[in-house]
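Here are my notes on the pockets and cores of this one. Have the model open while you read.

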Amino acid sequence: MPPVTQRQWRKMNTGGQQHTTAPCGHPDEEEDGSGRYKLRTVFNRTMFGLFNKQKPVKIRGCGESRKYGIAAKDVKELLKKGCKLLQLPLSGAHVCLYADGTNVTEEFFQTLPNNTELVLLSGDQAWSGGVVYDIGQLLSTGLHSDDLVEAAKGLLSDEQAPKRRKILNDLLLNLDDRSELESREEDEDWFKGVDTRFKTKSAYMKFNCESRIRGYMKEVKLILLKNPQVSGRTSNSLAYGLCSQLGEATKSIQKAKVKAEFQKASECLGEMLKAARYNGCYFDRTEKEPDRLCTQEGWFTCQGSFDLDMCRSLHSINPYSSQESRIVFSTWNLDHRIEKKRTVIPALLEALQNHKSTDVNLNYFYRLLFTRENLKLVHIVCHKKGAHNLLCDTKKIYRQASTTDKGRQKAKGKKRRLM
């Protein structure tokens, strides 16, 4: 008896007719006496139909954006067709889900919906998932095009969820990057609110840094000149606030001689700072790499709080890219590791009470007050305003006698002994 089709078999079986042989014609698939074929026969027939039916999928190579449609009945056929299409070696090839990188086995393949996106891998290639790949593509500078910016703006205009709007806003802030533009004529929006005397972004950023450093110098002078125990006048609220943070060190400055020595030290520090152009190079991207705090493109990275080697949140910003980024950058701080008002200035005042300014190592205090030796650029979140509990190095507060001076002192001592 020739094998019948599945349709003929269903018709005969539902009609109640008795047959001694199953549609497949195998002797071990005879009826079981109840008018129905064994369950195993039905299962085998069903699985035979499934495994012989080709499944359409979408496949791409690792790191490729273009997808291809392929139909295969199993993984073996899929690998064969895919490797031929993508010109990859068949040996060692395997496929995984585009979405999350799950390896596709033979059994798993049969459960996949039609048109599932897969990635064909060869050798030691690995796939972390489509989200990781898409983010990598988005971060690629080649995709920062006008079309992508317009697409993000379109999504933002129709979006109502606050969280999604925040994400899209942040995305636009980074996509709309005009950091390569430098002059006022090229990027007028960046210069909104900036004095007209600044013609380039670098010039303004340099001035911005100089202003911060000048402010530190003003605080040093203000503490002395507005100290009521030195000037004999009632201090204003700002000076009083600064002095109150210095403790007993400022209260002990009473003699005019001490004031004169501090004035000399202050002038010396001012001259050193002026010679260094107030260290405005820290924010100027046109300066040489060892001097600036940013990349050549203008990216700044948070250096972490005073007690850490690096920023755990990996904060970064490019104030050269847009007006908004420039304004946000103004909230970042140049933080003194050894605190300026609680530690450095009081130590300087104490040293000048009993020593001449020429005996004090003003170069050390200059570095603590105004240079990267003691300054860290930090995001406002990483700026810890509590006590740092770091002290000045007592070995560096005073100048060390030079070898020549020591030699002269020894020579004078010998002469005295000879006389």
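1. A word on terms before the pockets: helices (H or I, at least four residues) and strands (E, at least two) are DSSP runs, numbered from the N terminus. A pocket, on a 1 Å grid over the protein atoms alone, is an open set of points where a 1.4 Å probe fits, with protein on both sides within 12 Å along at least five of seven lines; lining residues have an atom within 4 Å of a point.

2. Keep in mind that this is a predicted model, where local features need pLDDT of at least 70 and side-chain atom pairs count only at pLDDT 80 or more, while totals for chains, interfaces and linings use all residues. Residues are numbered from 1 along each chain as its sequence is written, and side-chain values use heavy atoms, leaving out hydrogens and water.

3. Start with the largest pocket, at about 470 Å³ (a volume is the space filled by probe spheres set on the points, which are joined across faces, edges and corners). It has 22 lining residues, and D170, L173, N174, E324 and S325 are the closest to its centre. Two or more lining residues come from each of α7 (162-175), β6 (316-317) and α13 (323-329), with α7 giving the most, six.

4. Where does the largest pocket lie? Domain 2 (142-175) and domain 3 (201-227 + 249-382) both give residues to its lining, so it lies between them. Those bounds come from an automatic or database domain assignment.

5. Now the second largest pocket, with a volume of about 350 Å³. Its lining has 14 residues, and D335, E339, K340, K341 and H383 lie nearest the centre. β7 (333-336) and α14 (340-354) each give two or more residues; the largest share, four, is from β7.

6. On to the largest nonpolar core, a set of buried (under 20% relative accessible area, 1.4 Å probe, protein chains only) Ala, Val, Leu, Ile, Met, Phe, Trp, Tyr and Cys residues joined through side-chain atoms within 4.5 Å. It has 52 residues, and F283, F300, L334 and F370 touch the most other members. At least two residues each come from α8 (201-225), α12 (256-275), α14, α15 (362-370) and β8 (375-378), and α8 supplies the largest share, eight.

7. Have a look at F300: beyond its neighbours within four places in sequence, its contacts (heavy atoms within 4.5 Å) include Y282, F283, W332 and L377. Apart from the largest core lies another, of 17 residues, including V57, L78, V104 and L112.

Notes. Buried < 20%, exposed > 50% of the residue type's maximum accessible area, 1.4 Å probe, protein only.
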